[in-house]
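Biologist: Hi! Could you pull up the model so we can walk through it together?

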Amino acid sequence: MRKKYDDAFTAQDHNTFRALTFKEFAVFPGMAAHFDLSMKRDLAAARACMRTGDMLVVIPPPEEAPLPRMATMCRVCQLLKTDRESDRTRVVVEGVRRVCVTAVLKTAPVLTVLTSELPELPSRFLTEEVEAYASQAKKLLGALRYRMQMPPAAVEEAFSLKKSGDAGELADAIAVVAPFDNAQKLELYPIEDGCDRLERVVDALQHELAVSLFEDELEKRVSQRMDSAQREAFMREELAFLQEELSEGDPGDEIDELEKKLSGLKLPPDIRERLEKELRRFRKMPPYTPDSNVQLNWLERCLELPWNKSTKDRLSIDRARKILDRDHYGLEKVKERMIELLAARAVSPELKGQIICLVGPPGVGKTSIARSIATATNRKYARISLGGIRDEAEIRGHRRTYIGAVPGRIMAAIAQTGVNNPLILLDEVDKLSSDVRGDPSSALLEVLDSEQNFSFVDHYIDLPFDLSNVLFITTANDASMIPSALYDRMDVVELSSYTENEKFNIAKRHLVPKQLKRHNLTPSQIRISPAALRLLIRRYTREAGVRELERYIARLCRLEAVRISDGIGDRLDVTEEKLAELLGPAKYKDDDISREDEIGLVNGLAWTSAGGELLQVEAAVLEGSGKVKLTGSLGDVMKESCEAAISYIRSRSDVLGIEPDFYKKKDIHLHFPEGAVPKDGPSAGITVTTALVSALTGRAVRGDVAMTGEITLRGRVLPIGGLKEKSMAAYREGLKTVIIPGANVPDLENVDKEVKNSLRFVPVKNEDEVLGLALE
């Protein structure tokens, strides 16, 4: 090689360049490299080249190699100062071509060398051979790229040079991106002949691929030779490290805690045996697996249930009376029934199976009575809202096999109270529904049956739990909507609408103090006069309960809060005169319902889930061809009542003084006001008949009379339901006389005394009696 360099010196002109020696690796042509410089001489050379744009000769190791020697002519691209305290600087260079360093001219202030161009040696490879080597190298690099995570863009750029056909350039480009260490690159760098260099590069790639494959095979063999004990030890060590990093406890601690809880419970032998078996199964499970988490959640929920924890009942009748009277005004019959329940339990503690169902309009105190009973008996209280539930799993729970499975609402309420004998209120039991997911009312049959609920099995808990000590109270607005099998298991107690006097006392004793406390007000800041309260009840609310009344009282409290915020310090006195100013005009007026005697207009009475309502019926007889028109959103039963009334009038037309062929010459229109409200039921039969007779005979109907009763084709008046609520509606509207079926006379015992003292109830057996009382 020295002979070739000497020949080159004589053939080429010598050039002078600044230079530096680099001790770590060689810079190949086409290669971008960066390294740190700290020697003043090297820094001066790099800065001068950066400033003037001259080339910089980078001499590869070893530094002590004799001259002439091969180096790389580089372009200085960038200088970056890496340390402010010292003069350490990072230089970025790009290799341009190989040159031969023939002599060192100066060593200070910068290293200056004399270089010459390398002679061009004829290629001994044909173009096809270069392409073959390039293809082989590309395959080898492709295999190594995935194993060593080489950037694909750099490999593609390297092989873009193969089109030039220059073996040396291709060898340098491959050496730049290949996964060679510095020693291998230093061996390849000084090879002058491009074909020889390309051969060596391909050989080096084959060697690297063989080493990589052998390493994989070796790792596979070692992995296969590891026995199960070594693997388990390794995994346990790794798991312990992860737990330590995550600051989590040992799974064994959870098992010990579960065993401690289990040992402290007094359980039946079969349940204890099942729990111990499941606990042993959980101990063998690998931690932090889905099955392990499911098993742990199940064990925790089972052990949290109050299997043997209960509260001691207080069955003092005097105390119960005081609490019920303190929390509720009126409702004497309901309180009497609750006292009977407690007295029976006091006499016979083993008495079970009494399920009370409180039926009444919204806002009459069903939920609060259940809460008062819980306080009186010293029982924990839990409320379960059943409105809209249509999935059986809501009652019985989901099986553990399902993702996100949880116990049903009954067992969740038991766990929430922490005792096995709470009072559980099943609210809105009449609003249960069913679909393809099951019938929740059927699931409640076992819960509310004392012959079955001593071993209730929730699908999630999957263990029998005794519910016979639980006191269940249910509520409903409409008893007719409760499934018959469920209704048969309950003792129904009806709550009627409140009278005006009851509402006044409830507001005075309970609602006003409650809202003052809630709004952080005192009687010295706001006062509602008794007259204002009565006007509020009479003109602003018309409901069975007191919810709307409480909302108006809360609104008055908010108005006082606004006055306080505005800096008005005097007390707000709410009087009759100020009520319209504060709350706006009254919603209801006394003249909303006509009290005058009119032809074809009759006051009927209707029952709704919200209480009794006054239902007026209007009849009009027009010249026509015998058409009958019914309007007012009527149901099928009510339409049939209208047809029965017409047929009865036709059969009695001679007695009633009506033309026998009126049904041919007259058009009849029956209208039930509030047309958007659906109406149904047979109890408007005598009301419709009276309205039609009045319209056909021209005789007016008394405006102070209301009536209710079903009519037959022969004019008999049949009994109806909801007399208590209907009479309350007549009392609320200020009527004087109520015509009722004779068979409903026993139901008058349930009517409030205040209502009975204000109304005259007239029992009738047939329509003739009704007409004699109602028509002028």
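Biologist: In which sense do β18 and strand β19 pair, and over how many bridges?

Modeller: Keep in mind that this is a predicted model. In it, β18 and β19 (residues 666-671) run in the parallel sense, paired over 4 bridges.

Biologist: Nice. Which residue in β19 is the bridge partner of Thr631?

Modeller: That would be His671.

Biologist: And what sheet do they belong to?

Modeller: An open one with 7 strands, in the order β18-β19-β17-β16-β20-β23-β24, and the pairing is mixed. The edges are taken by β18 (628-631) and β24 (760-764). Each has a single partner strand, so one side of each has no neighbour in the sheet.

Biologist: How much are neighbouring strands turned against each other?

Modeller: By 25° on average, ignoring direction.

Biologist: Which strands does helix α26 touch?

Modeller: Helix α26 (residues 685-697) packs on the sheet and touches β16 (601-608), β17 (611-623), β19 and β20 (705-707). The direction of the helix makes about 30° with that of β17.

Biologist: Switching topic: how many disulfides does the structure hold?

Modeller: The count is 0.

Biologist: Why does Cys74 have no bond to the closest cysteine sulfur?

Modeller: Because that sulfur, in Cys77, is 9.0 Å away from the one in Cys74, which is too far for a bond. The cut-off for a disulfide is within 2.5 Å.

Biologist: Is Cys74 buried or exposed? And what about Cys557, buried or exposed?

Modeller: Cys74 is buried, with 0% relative accessibility. Cys557 counts as buried too, at 1%.

Notes:
Residues are numbered from 1 along each chain as its sequence is written. This is a predicted model: local features need pLDDT of at least 70, side-chain atom pairs count only at pLDDT 80 or more; totals for chains, interfaces and linings use all residues. Side-chain values use heavy atoms; hydrogens and water are left out. Buried means under 20% relative accessible area, exposed over 50%, partly exposed in between (1.4 Å probe, protein chains only). Two strands pair if DSSP finds at least two bridges between them. Helices (H or I, at least four residues) and strands (E, at least two) are DSSP runs, numbered from the N terminus. Axes are lines fitted to C-alpha atoms, for helices over the stretch in contact, and angles run from 0 to 180 degrees between N-to-C directions. Contact means heavy atoms within 4.5 Å.
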